[in-house]
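Thanks, everyone. I will put the structure up and then go through a few of its residues and helix contacts.

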Amino acid sequence: FAELYTATKGKLFLTVLLIVRRWDLAEEVIQDVYVRIWLNANSYRSSSGSPMTWMITIARNLAIDLIRMTARESYSDDSVLREIPSDGLTAVEAIEAVEDHRTSLKHQQNMQSALQSLDPMRRDLVIAAYIHGESREQISKRTGVPVNTVKTWIRRALLEVAAFLRNM
């Protein structure tokens, strides 16, 4: 659940904030959103859209319900929205950029771990071929191993990396 929260909080919070237009109310709604997601996770059906779409719908509906049900002040205070620079990324773009960066870092860490799990000789072959761009023939000459053997070793190393990444 912590991973789900970390991966989705930005988009869901922005969805709610754009509706309620108050930071404090958006935080309250978000708490309710995650409780609702937790309690109703078994009712999610993939045929009705992606999990993110389902969660955004819950967030949107709870935010709208709050506005409809309360007799509180009008939520026309859009000062929080004015703080978003107009010449930069939109809030959604900024959130997505941060999420893309986190995802990219995680992929890099996973790949480094996968490469570290290889036998050092196989790791060196993969790095020579895919990082340094050496051909199989160049690797063969450098190592004194037949080209077909180099190809086989690299293929097996890549299969090991793929298996490692699948198991993460």
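Let me start with a question: is Lys-9 buried, partly exposed or exposed? Lys-9 is partly exposed, at a relative accessible area of 34%. Please keep in mind that what you see is a predicted model.

Now the overall layout. The protein chain has 8 helices and 0 strands, so please read the count with the usual DSSP rule, under which a helix run has at least four residues. Written from the N terminus, the order of elements is α-α-α-α-α-α-α-α. The chain has 168 residues, and 26% of them count as buried. If you take contacts with a separation of 6 or more, 63% of them come from residues 24 or more positions apart.

Back to the N-terminal helix. Lys-9 sits in helix α1. Its C-alpha atom lies 9.8 Å from that of Ile-95, although 86 residues separate Lys-9 and Ile-95 along the chain.

Thr-8 is also part of helix α1, which covers residues 2–20. Thr-8 is at 5% relative accessible area, and the cut-off for buried is under 20%, so Thr-8 is buried. What does the side chain of Thr-8 pair with? The partner is the side chain of Tyr-34, in a polar contact of 2.7 Å. Leaving aside residues up to four places away in sequence, Thr-8 touches Tyr-34, Met-52 and Met-55.

That brings me to helix α3, residues 51–69, where Thr-53 is located. Thr-53 has a relative accessibility of 41% and therefore counts as partly exposed. Between the C-alpha atoms of Thr-53 and Leu-12 there are 10.0 Å, and along the chain the two residues are 41 apart.

Next, the charged pairs. Side chains of opposite charge can pair when their charged atoms come close. How many salt bridges does the structure hold? There are 3, and I will take them in chain order.

One is between Arg-22 and Asp-24, where the closest N and O atoms are 2.7 Å apart. Arg-22 counts as buried, with 18% relative accessibility. Its partner Asp-24 is partly exposed, at 36% relative accessible area.

Another joins the side chains of Arg-122 and Glu-160, at 2.4 Å from N to O. This pair links distant parts of the chain, since Arg-122 is in helix α6 (residues 120–130) and Glu-160 is in helix α8 (residues 147–166), 38 residues apart. Arg-122 is at 18% relative accessibility and counts as buried, whereas Glu-160, at 32%, counts as partly exposed.

Then there is Arg-142 with Glu-134, their closest N and O atoms being 3.2 Å apart. The cut-off for exposed is over 50%, so Arg-142, at 52% relative accessibility, counts as exposed.

Now the packing of helices, beginning with the two that the Arg-122 and Glu-160 pair connects. How do α6 and α8 pack? Their axes are 9 Å apart and the angle is about 100 degrees. The two helices are therefore roughly perpendicular to each other. On the α6 side, the contact is made by Met-121, Arg-122, Leu-125, Val-126, Ala-129 and Tyr-130. On the α8 side, the residues are Trp-153, Ile-154, Arg-156, Ala-157, Leu-158 and Glu-160. Both members of the salt bridge, Arg-122 and Glu-160, appear in that contact. By class, the contact of α6 with α8 has 9 nonpolar residues, no polar ones and 3 charged ones.

Helix α8 also packs with helix α7, which runs over residues 136–143. Here the angle is about 110 degrees, and the axes are again put at 9 Å apart. An angle of 65 to 115 degrees counts as roughly perpendicular, so α7 is roughly perpendicular to α8. Which residues meet in this contact? From α7 they are Arg-136, Glu-137, Ile-139, Ser-140 and Thr-143. From α8 they are Val-147, Val-150, Lys-151 and Ile-154. The contact of α7 with α8 divides into 4 nonpolar, 2 polar and 3 charged residues.

One residue to point at before I stop is Ile-154 of α8, which is listed in the contact with α6 and also in the contact with α7. That is what I wanted to show.

Key. Residues numbered from 1 in each chain as written. Predicted model: local features only at pLDDT ≥ 70, side-chain atom pairs only at ≥ 80, totals over all residues. Heavy atoms only, no water. Buried < 20%, exposed > 50% of the residue type's maximum accessible area, 1.4 Å probe, protein only. Polar contact = N/O pair within 3.5 Å; in protein donor to acceptor, adjacent residues only side chain to side chain. Contact = heavy atoms within 4.5 Å. Salt bridge = Lys/Arg side-chain N within 4 Å of Asp/Glu carboxyl O. Axes fitted to C-alpha atoms, helices over the stretch in contact; angles between N-to-C directions. Parallel < 35°, antiparallel > 145°, perpendicular 65-115°, else oblique. Nonpolar A, V, L, I, M, F, W, Y, C, P; charged D, E, K, R; others polar.
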